[in-house]
Amino acid sequence: MKKLLLLLAAGAAVSLGLHSREYPQCVHTDAGGLHFPAGREPMERFRSILRACAESPDSTATILHIGGSHVQAGWFSSRMRHHFDSISAAPASGRGFIFPYPLAHTNFDHSYNVSGEGDWIGSLSPNPNRKLPVRPNFGFTGLAAYTADTSAAFCLGTPVPFKRLHILGEASDGSVFPRVISGCDTLCCARDTLLSGFVAEFPSEVDTVRVEMGLGKGQYFTLTGLLPESERKCGISYISTGVNGARTTTWTERCPEFPREFGSIRPDLVIWGLGINDSACPEKDFKPERFKQNYRKLLDMVLEQSPSCAFIFITNNDSYRYSGRRMVHNGNGAAVRKAMFELAEEYDGAVWDLFSVMGGNGSASRWRDASLMKRDRLHFTREGYEMLGDMLFNAIMEDGE
C-alpha cells in the first residue's frame, strides 16, 4: 500500500509516522488496508482535516468509535486514541462522553479513573437489568447506574483537565441536586439546559472531582453518563462508546437520549464495529437484509446531524458464539462481511476487513493459539486489541485499494 498522508510542517514535507511492529504468522497483513467499494471522497475530506490538525494547534477533528464488547474493553480504542494524539499539533481538549463503569459493576476503559461509594445497581441497554425499580433513559453510553443510597458518591479523575462537568441522568424529583467537590470548593449543580441531567462549572480547570448525589430518604438517581468539557477546542478527539452485547438496534431502539447527546459531537469520522452480536445465531437465522436495514437507521441518524461524516466499517472477526452452555463456531462471518461491503458501497464508506485479516473461517483458533484471542475465541486479549489498534491506525494513514 502507498503512504498517503504527507504533511507540510515548518515548510518541509514529512510523513505521519505509522506504527511498526512484528506480526504473528496468523495475521494476514496483506489484507490490512482500507477498501473503498464506491468512492473515497468522504475519507479524503477526513484526511484533509487530519492534515490541518497536524499543522495547526487550533484545528480540531472528532472520531467516534462505536461497537460492543470490543469497544467497551477499552484497549482497542485507547490504542487508537494514543496514535491520533501523537500526530496532532496539540493534545486533544477532551474525551467526550464517558461512563463510570465501576458503578455498573462491569469491565471498563482504564484511561480514566473512577471509584464509587454506596450501593449502585448497573444496567446495560442491550440486556437491561430487571432488578432496577425504574427504566433508565439510556443515552450515548448505553449504560446506566441506579442508586437510592443517601451516601452514594463517586470520584472521577481524567488525564485531560475540564472546566465543566455534565452529569447525565434522571432524578426521582426536582429537589435532587448533586454536589461536586473539587479541592476546597463545593459546587451545587444546576439543571442542564443542553442535556438531560445536571452541570457544574468550575472557576478553573480541574482533573479530579468527587460527586455526591445528594439524595434524601426515598429519593433515587439513575446515572447514564458524564461529559467533562474544556474551554479549549483543539486536537483530535477520539470518542468511543461500546456496550457488551450491543447490536445495530441498541442505540436506535433502546437509547432514547442518544440522538440529543450525539448532536453535541458531530464527528468527522465514525468507525462502525457493530455486527458480532447481530450475527450470534445459527446461519439460517441471520438475515443480511434486516441487518443492513438496522444499520441504515444508525447511518442515516449520523448523517442527519453530520452530513459530511466519513464511515469505516469493521467486518466481524472470526468467532465462536454461545449455544446454551457451550461455544460453537459462528458461521456468519462471511455474510456480515458481504453486507458491510454493500453498505460501504451504498454510503461511500470504507471497509476494514478484519475477517480477512484474521484469515477467514476457522482462524479464531489460530489467533487463540497465538495469544491474540481469549479462550472463548470471541474476544481478544489485550495484546490482540492493541495490535488491532495499530493495524487500523496504519490503514487509515495509508492509501487503500
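The legends below describe close-up views of a predicted model.

**View 1. The aromatic pair Trp272 and Tyr295.**
A pair of aromatic rings is described by the distance of the centres and the angle of the planes. The structure holds 21 aromatic pairs. In one of them, the ring centres of Trp272 and Tyr295 are 5.8 Å apart, and with the planes at 85° the arrangement is edge-to-face, because an angle over 60 degrees counts as such. This pair links distant parts of the chain: Trp272 belongs to strand 15 (residues 269-273), whereas Tyr295 belongs to helix 6 (residues 288-305), and 23 residues separate the two. Trp272 is buried, at 1% relative accessibility, and Tyr295 is likewise buried, with a relative accessible area of 0%.

**View 2. The aromatic cluster that includes Trp272 and Tyr295.**
Both residues of the preceding view belong to one aromatic cluster. Its other members are Phe286, Phe291, Phe311, Phe313 and Tyr347.

**View 3. The aromatic pair Phe380 and Tyr385.**
The rings of Phe380 and Tyr385 also form an edge-to-face pair, with 5.4 Å from centre to centre and 65° between the planes. Phe380 counts as buried at 1% relative accessibility, and Tyr385 counts as buried at 3%.

**View 4. Arg377 over the ring of Tyr320.**
Arg377 is placed over the face of the Tyr320 ring. The distance to the ring centre is 3.8 Å.

**View 5. The surroundings of Asn317.**
Asn317 is located in the loop that runs between strand 16 (310-314) and strand 17 (320-323). Its relative accessibility is 3%, so Asn317 counts as buried. Apart from neighbours within four places in sequence, the residues in contact with Asn317 are His70, Ile276, Leu354, Phe355, Met358, Met373, Leu378 and Phe380. With His70, the contact includes a polar one between the two side chains, at 2.9 Å. With Leu378, the side chain of Asn317 reaches the backbone oxygen at 3.4 Å. Phe380, another of these contacts, is the residue that pairs with Tyr385 in View 3. Asn317 and Ser125 are 192 residues apart in sequence, and their C-alpha atoms are 23 Å apart in space.

**View 6. Helix 1 and its buried face.**
Helix 1 (residues 41-55) comprises 15 residues. From its first C-alpha to its last the helix reaches 21 Å, close to the 21 Å expected at 1.5 Å a residue. Pro42, Met43, Phe46, Arg47, Leu50 and Cys53 are the buried residues of this helix. Viewed down the helix axis, these residues fall within an arc of 135° and therefore line one face of helix 1.

**View 7. Ser59 in the loop after helix 1.**
Ser59 occupies the loop between helix 1 and strand 4 (60-67). A polar atom of the Ser59 side chain lies 3.3 Å from the backbone oxygen of Ala52. Leaving aside neighbours within four places in sequence, Ser59 is in contact with Ala52, Cys53, Cys234 and Gly235. Of these, Cys53 is also one of the buried residues of helix 1.

**View 8. Helix 10 and its burial.**
Helix 10 (residues 382-397) has 16 residues, which should span 22 Å at 1.5 Å a residue. Its end C-alpha atoms are 23 Å apart, in agreement with that expectation. The helix is mostly covered, as 14 of its 16 residues are buried.

Conventions
Residues numbered from 1 in each chain as written. Predicted model: local features only at pLDDT ≥ 70, side-chain atom pairs only at ≥ 80, totals over all residues. Heavy atoms only, no water. Phe/Tyr/Trp six-rings, centres within 6.5 Å; stacked < 30°, edge-to-face > 60°. Helix = DSSP H or I, 4+ residues; strand = E, 2+ residues; numbered from the N terminus. Buried < 20%, exposed > 50% of the residue type's maximum accessible area, 1.4 Å probe, protein only. Lys NZ or Arg CZ within 6 Å of the ring centre and 35° of its normal. Expected span 1.5 Å × (residues − 1). Arc of directions from axis to C-beta. Contact = heavy atoms within 4.5 Å. Polar contact = N/O pair within 3.5 Å; in protein donor to acceptor, adjacent residues only side chain to side chain.
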